[in-house]
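Student: I would like to work through this structure with you, step by step, starting from a single residue. Could you guide me?

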Amino acid sequence: MAEILTMKFLTLKNGQLGTLVDQTVVDLVKASQILDESLTTQTLLELVEAGDTATQAVGDLTEKAIAAKIACAPLTDTEIIAPFPHPKRNIFCLGKNYLDHAKEMLGRVDKDDQLPTQMIIFTKATTTAIGTGAIIPSYSHLTSKLDYEAELAIIIGKKGTNILPENAWNYVFGYTALNDISARDLQSDHRQWFRGKSLDGFAPMGPVVVHRSMMPSAENIEVCCWVNGEKRQQAKFDQVIFDVPAIISTLSAGLTLLPGDIIATGTPAGVGMGYNPPRFLTAGDEVVVEVTGVGKLINRVG
């Protein structure tokens, strides 16, 4: 793909596609109308499904809008929502995919005292998705052990089954940040992880999706989390036990991956349950997740 001005995409409050150049947001639908340009993809999901040709066209339109200074606004003045406010299907997630996190969680949730030798895969419901600035519900009537998990999430760009590891990156559209919010008591009580990780609002994501062409190498990507200004998590993405090619190859074995599928790749050490005593979230807490290139995903607990 030829180099274009921007490869960062977001979803505006009205659900339509926008691009981010430095700290300027381009409203692509508005830009296409003013410039009388065709725009075949009006949402981020449509763009992912349409492939590289459509992505290039969106980049070209962005360049024209920036040059003409039309349909542009500062990011600080723009309300955005989750990149995929209504995911097509459940979010795929990996558990215990950083060794230090696997160690800190031994025996704490499911009484498992073994480090993973195979991928631990679960899903989060589609109604978990919220964007930066949205409130994470505390559900104090359901849980007293609300926890955070900063993660890098991969967005699948094209349909594939039985994908070989060496071909896996060809199926990636881009990446974003995701906070795998967890009710640890529900996670433990139900003896599987779906309910404890799938309450509405339990997957803050964004603020943008970065195209794969802009993705640094794993050793140059950092995943961090702050709670009320205190850094709790920090790790390089090359510290995962199972890397992206392995994840995509394993998930796609007999299971068709689709454009727009979201795969959360696991969280580093430093989650609330990992402390002694545990340090769970409460109403009013601010959680910031940052992934290199994506920016800060900021949410408060309500």
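**From one glycine to the whole fold**

Tutor: Let us begin with Gly160, which is found in the loop between β11 and β12, bearing in mind that this is a predicted model.

Student: Is Gly160 buried or exposed?

Tutor: The relative accessible area of Gly160 is 6%. Since a residue counts as buried when that value is under 20%, the class to which Gly160 belongs is buried.

Student: Which residues is Gly160 in contact with, leaving aside its neighbours within four places in sequence?

Tutor: One useful comparison of sequence and space is with Pro259, which is 99 residues from Gly160 in sequence and 8.8 Å from it, C-alpha to C-alpha. The contacts of Gly160, with the neighbours within four places set aside, are Tyr171, Ser252, Leu255, Thr256 and Leu257.

Student: How many residues of helix α7 are buried?

Tutor: Helix α7 covers residues 244-251, and its buried residues are Val244, Pro245, Ile247, Ile248, Ser249 and Leu251. These buried residues pack against the strands β6, β7, β11, β12 and β17. The helix is largely enclosed by the rest of the structure, because the buried count among its 8 residues is 6.

Student: Which residue caps the N-terminal end of α7?

Tutor: The place to look is the backbone nitrogen of Ala246, which has a side-chain oxygen 3.0 Å away. The residue that supplies this oxygen, and so caps the N-terminal end of α7, is Asp243.

Student: How many residues does the largest nonpolar core have?

Tutor: In soluble globular proteins, nonpolar side chains tend to be buried together. Here Leu152, Tyr175, Phe237, Ile248, Ile263, Leu281 and Val291 are the residues with the most contacts inside the largest core, and Leu152 touches, among others, Tyr175, Phe237, Ile263 and Val291. A second, separate core includes Ile70, Ala153, Met205 and Ala264 and has 33 residues, whereas the size of the largest core is 53 residues.

Student: Which residues make the nonpolar surface patch of about 280 Å²?

Tutor: One member of the patch, Leu115, lies in the loop between α4 and β7, and with a relative accessible area of 36% Leu115 is partly exposed. Taken together, the residues that make this patch are Leu99, Leu106, Leu115 and Ile241.

Student: How far apart in sequence are the parts that Lys64 and Glu37 tie together?

Tutor: The side chains of Lys64 and Glu37 meet in a salt bridge, with N and O 2.8 Å apart. Lys64 lies in helix α3 and Glu37 in the loop between α1 and α2, so the parts tied together are separated in sequence by 27 residues. Both ends are partly exposed, with a relative accessibility of 41% for Lys64 and, for Glu37, 32%.

Student: Which residues join Glu149 in one network of salt bridges?

Tutor: Glu149 forms a salt bridge with Arg184, the closest N and O atoms being 2.6 Å apart, and this pair links the loop between β10 and β11 with helix α5. Lys197 also forms a salt bridge with Glu149, at 3.4 Å between the closest N and O atoms. Lys197 lies in helix α6, so this pair ties together parts that are 48 residues apart in sequence. Through shared partners, the residues joined with Glu149 into one network are Lys124, Asp147, Asp180, Arg184 and Lys197.

Key:
Residues are numbered from 1 along each chain as its sequence is written. This is a predicted model: local features need pLDDT of at least 70, side-chain atom pairs count only at pLDDT 80 or more; totals for chains, interfaces and linings use all residues. Side-chain values use heavy atoms; hydrogens and water are left out. A salt bridge is a side-chain nitrogen of Lys or Arg within 4 Å of a carboxyl oxygen of Asp or Glu. Helices (H or I, at least four residues) and strands (E, at least two) are DSSP runs, numbered from the N terminus. Buried means under 20% relative accessible area, exposed over 50%, partly exposed in between (1.4 Å probe, protein chains only). Contact means heavy atoms within 4.5 Å. A polar contact is a pair of N or O atoms within 3.5 Å; within protein, one must be able to donate a hydrogen and the other to accept it, and residues adjacent in sequence count only if both atoms are side-chain atoms. Patches are made of residues with over 30% relative accessible area and no salt bridge: like charges are joined within 9 Å, nonpolar side chains (Val, Leu, Ile, Met, Phe, Trp, Tyr) within 5 Å. Accessible areas come from the Shrake-Rupley method with a 1.4 Å probe; for residues, only the protein chains shown count as cover. A nonpolar core is a set of buried Ala, Val, Leu, Ile, Met, Phe, Trp, Tyr and Cys residues joined through side-chain atoms within 4.5 Å.
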